[in-house]
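This briefing concerns charged side-chain pairs and the setting of a selected helical residue. Please read it alongside the sequence and the coordinates displayed below.

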Amino acid sequence: MHDFLPAVHQPSDCQLLFARKARGLAHLRRWNGACDVSVAQYCVMACDNVSRRAAPYGLIHDIEEDETGDLLTPVKQKMRELGIWHRFEAEIVLPIRKFYTELAGLCWPWPADVVAEVADIDQRLQVTEYRDAVDRNLVPEPSPAFFELRFPADFGLPGLIFRRAVRLFGRGEGQEKILCRKRNLWYFFCLRQGM
């Protein structure tokens, strides 16, 4: 089932694969298109709001979504109820994530503290994004569990208001910013590894 992943024969293949991912994520709008924020911008925001150690993981935490789409939380919940989410995640999501994690020279499986930090910022960004940038005519109010899981009403990112404070990236800019973050993070990774 894992034969859909591309082969990497030389370093330039790595750059091309990440560039292709960045382009795909820059063209994919979050919340099934009910929000002007692209998955690329969302990943850059996650990267920019976690520790330096977690930043590269934050940047690629949704790397599979150019292939799977940005599945809404209610869809994921329904998949869990039907008993198909685990297989979907195990056979599609995690192999893609593992491939790009290792391609970036990062640890697989992700360190537990990094998983927790990325999950925390992901939830905070989701709440903030829903509050400020999702078209409520297209996406109904999530279940109370969506907000309960994310703690108090002000759990989002204080001071971050998507519509007013966050300038939305154009497609080309989203692609360029995700590649720029990747280059910068790769540079720091190489310094840490003594390369």
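The notes that follow deal with salt bridges first and then with a glutamine in a helix.

The model is predicted, and the structure holds 12 salt bridges. Among them are a pair that links distant parts of the chain, pairs set within helix α6, and a network that joins Lys 21, Asp 66 and Glu 67.

**A salt bridge between distant parts of the chain**

- Glu 129 and Arg 30 form a salt bridge in which the closest N and O atoms are 2.8 Å apart.
- The partners are 99 residues apart, with Glu 129 placed in helix α7 (residues 112-133) and Arg 30 in the loop between α1 (11-26) and α2 (39-48).
- Glu 129 is buried because its relative accessible area is 0%, a value that falls under the 20% cut-off.
- Arg 30 is likewise classed as buried, since its relative accessible area is 5%.

**Salt bridges within helix α6**

- Arg 87 forms a salt bridge with Glu 91, and the closest N and O atoms of this pair lie 2.9 Å apart.
- Because Arg 87 and Glu 91 are 4 residues apart in helix α6 (residues 85-103), about one helical turn separates them.
- The two ends of this pair fall into separate accessibility classes, in that Arg 87 counts as exposed at 56% relative accessibility, whereas Glu 91 counts as partly exposed at 22%.
- Lys 98 and Glu 102 also meet through their side chains in a salt bridge, with an N to O distance of 3.1 Å.
- Lys 98 and Glu 102 are 4 residues apart in helix α6, so they too are separated by about one helical turn.
- Lys 98 is partly exposed at 33% relative accessibility, and Glu 102 is partly exposed with a relative accessible area of 42%.

**A network of salt bridges**

- Lys 21, Asp 66 and Glu 67 are linked to one another through a network of salt bridges.

**The setting of Gln 175**

- Gln 175 belongs to helix α10, which spans residues 171-193.
- With a relative accessible area of 19%, Gln 175 is buried, because the class takes in values under 20%.
- When its neighbours within four places in sequence are left aside, Gln 175 is in contact with Ala 19, Ala 22, Arg 23 and Ala 26.

Methods: Residues numbered from 1 in each chain as written. Predicted model: local features only at pLDDT ≥ 70, side-chain atom pairs only at ≥ 80, totals over all residues. Heavy atoms only, no water. Helix = DSSP H or I, 4+ residues; strand = E, 2+ residues; numbered from the N terminus. Buried < 20%, exposed > 50% of the residue type's maximum accessible area, 1.4 Å probe, protein only. Contact = heavy atoms within 4.5 Å. Salt bridge = Lys/Arg side-chain N within 4 Å of Asp/Glu carboxyl O.
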